[in-house]
Amino acid sequence: MATLQDYRNERLRKLETLRQLGVEPYPAKSERTHTCAEVLSKYDELAGKEVVVAGRVASIRSFGKLAFIKLRDQSGDVQLYLQRDDVAELDAARGVLGMKQLKLLDTGDFIEAKGVMTTTQTGEKSVGVRELRLLTKSLRPMPEKLENKEERLRRRYVDMNVNPEVRERFIRRSKFWQATRDYLNSHGFIEINVPVLEHTTGGADANPFVTHMDALGDQQFYLRISHELPLKRLIGAGFEKVYDLGPRFRNENYSDEHLPEHIAMEWYAAYWDWKQGMRFMESMYKDVLQKTFDTLQFQLGKFNVDMSGEWEVWDYAEVIRKHYGIDVYNTTIEEVAAKLKEYNLEVEKTDSIPRSIDKLWKNIRKDVAGPVWLVNTPKFISPLSKTNPENPETVERFQPVIAGSELGNGFSELNDPIDQLNRFLEQQQMRDAGDEEAMMLDIDYVEMLEYGMPPACGWGYSERVFWIFEGVTAREGVPFPQLKSEIDETTRAIYPQVNL
């Protein structure tokens, strides 16, 4: 049975033959005038007219004087119809191949075809080829199927060719973020990119990645875990509606809903509070999802979710009391740990009351279809959020719960510098005690608050929203997930000249 290396060697021989003929197998330019979809959709307009299409060879059938090539580009497939008497002979200087050189083509090659739109005897709309050019000679055959998950994730460029629905997923992912930008821009927000490298990172409970900058004396930097604090500095600088959309990094384990690197968006609006933010986001979710998926009704695993109606609102403490009989404002670590054990939830040595109660909430959340707004979060769980004057033990925070997941986070932002410093100090004590996910003390941010930041509402969500509504895991939801570096034996054999 032929191996990958056997197929590659055969294609290398064809490559050498092409070069000996004087054909450049990798020209820099194509003269394409139409996509495959366009020549079919506009057939009545283009029939009998000359077009130039280009794409990857999906299949070749040759019958002596006749040949049929299925050509594929991003838009779809079209048939190329070749008759020996109509196809130009070899013109190596222009990279044109004749019928005699068809044997040097393989599936996977990129070609360009110039010809007129016609209909074959079987009724198929086709390009009647007059000139055929080679654009790229492929050295590896594209597999017909690719089902091994590890192989699919490692060679996503193959996966998207073999499984075009995967490529369509990332078109929807692009639509999701474009709809997010469009909605914010249409409501007066300004996109401002903030740094990825930070001396002090914050805005979330997460363990950061660490790096160094040679230009600043090998000083230590962190990859941001959120966009929050720089964007709020912009609110202090006089901007009133700002957002950033881009990658953030959290040095944590993989799960179906988490990746160490992922795309996220955060916005901040001066003179808004959390209730205005809730109304804004309820409308924004509907707009973005409709534009991305063309529907607001979803079957997400075991959940039937309708995003078109008004959302329910749940009180954090009431939900915990209802399910576990615990008063979150008057409890002990022993009482909470006992509930964790009772519900077969993991108890760790570093668990504090906030982290333990959060685990209890997540045990409830996993069965919530939603959409639900979770509000009145205890202050000890949200150190960067503003105290609720109606209940000083809570903060003005709103979280959407949909299909068992939290799909965003919003706050009335804390702008009291003394209160913020005290909460930072509490977090730093937790960090010094061994909690690597506790927030760092950011004294520059405190100083900014002392100059004054107006009341503001802030919101953030990540591409987890897209993954959930797309119905895929985190790794399936990004084009190129990080994987452990591995070099297989076939690759080592193919490239003996490289020290792998």
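Which residue is the bridge partner of Phe-110 in β6? This predicted model lets us find out, and the views below start there.

**View 1. Phe-110 has strand partners in β1 and β6.** The bridge partner of Phe-110 in β6 is Thr-136. Phe-110 itself belongs to β5, where it stands opposite Arg-56. Zoom out a little to see how the strands line up: β1 (residues 50–63) pairs with β5 in the antiparallel sense, over 7 bridges. Strands β5 and β6 also run antiparallel, and 10 bridges join them.

**View 2. The hairpin of β5 and β6 has 5 residues between its strands.** Follow the chain from β5 (110–119) to β6 (125–136) and you meet Thr-120 in the loop between them. Is Thr-120 buried or exposed? Its relative accessibility is 11%, so Thr-120 counts as buried, because the cut-off for that word is under 20%. The side chain of Thr-120 makes a polar contact with the side chain of Thr-122, at 3.0 Å. If you set aside neighbours within four places in sequence, Thr-120 is in contact with Gln-79, Tyr-81 and Ser-126. Look for Gly-123 in this hairpin too: Gly-123 takes a positive phi, near 90°.

**View 3. Helix α7 is mostly covered.** This helix spans residues 228–236, and 7 of its 9 residues are buried. Among the buried residues you can pick out Leu-229, Leu-231, Leu-234 and Ile-235, along with Glu-228 and Lys-232. What lies over them? The cover for the buried residues of α7 includes helices α12 (417–432) and α13 (443–451), as well as strands β8 (197–198), β11 (241–249), β12 (261–270) and β21 (456–462). After α7 comes Gly-238, with a positive phi near 115°.

**View 4. Three strands make an open sheet in the order β8-β10-β9.** The pairing in this sheet is antiparallel. Strands β8 and β9 (210–213) are the edge strands, each pairing on one side only. Now look at β8 beside β10 (residues 219–223): 2 bridges join these antiparallel strands. Here Glu-198 stands opposite Tyr-222 in β10.

**View 5. Ile-487, Val-498 and Leu-500 form a nonpolar patch on the surface.** Together these residues have about 230 Å² of accessible area. To find Ile-487, look in the loop between α14 (464–470) and α15 (489–494). Ile-487 counts as partly exposed because its relative accessibility is 37%, a value that falls between the cut-offs of 20% for buried and 50% for exposed.

How values were computed. Residues are numbered from 1 along each chain as its sequence is written. This is a predicted model: local features need pLDDT of at least 70, side-chain atom pairs count only at pLDDT 80 or more; totals for chains, interfaces and linings use all residues. Side-chain values use heavy atoms; hydrogens and water are left out. Patches are made of residues with over 30% relative accessible area and no salt bridge: like charges are joined within 9 Å, nonpolar side chains (Val, Leu, Ile, Met, Phe, Trp, Tyr) within 5 Å. Accessible areas come from the Shrake-Rupley method with a 1.4 Å probe; for residues, only the protein chains shown count as cover. A salt bridge is a side-chain nitrogen of Lys or Arg within 4 Å of a carboxyl oxygen of Asp or Glu. Helices (H or I, at least four residues) and strands (E, at least two) are DSSP runs, numbered from the N terminus. Buried means under 20% relative accessible area, exposed over 50%, partly exposed in between (1.4 Å probe, protein chains only). A polar contact is a pair of N or O atoms within 3.5 Å; within protein, one must be able to donate a hydrogen and the other to accept it, and residues adjacent in sequence count only if both atoms are side-chain atoms. Contact means heavy atoms within 4.5 Å. Two strands pair if DSSP finds at least two bridges between them.
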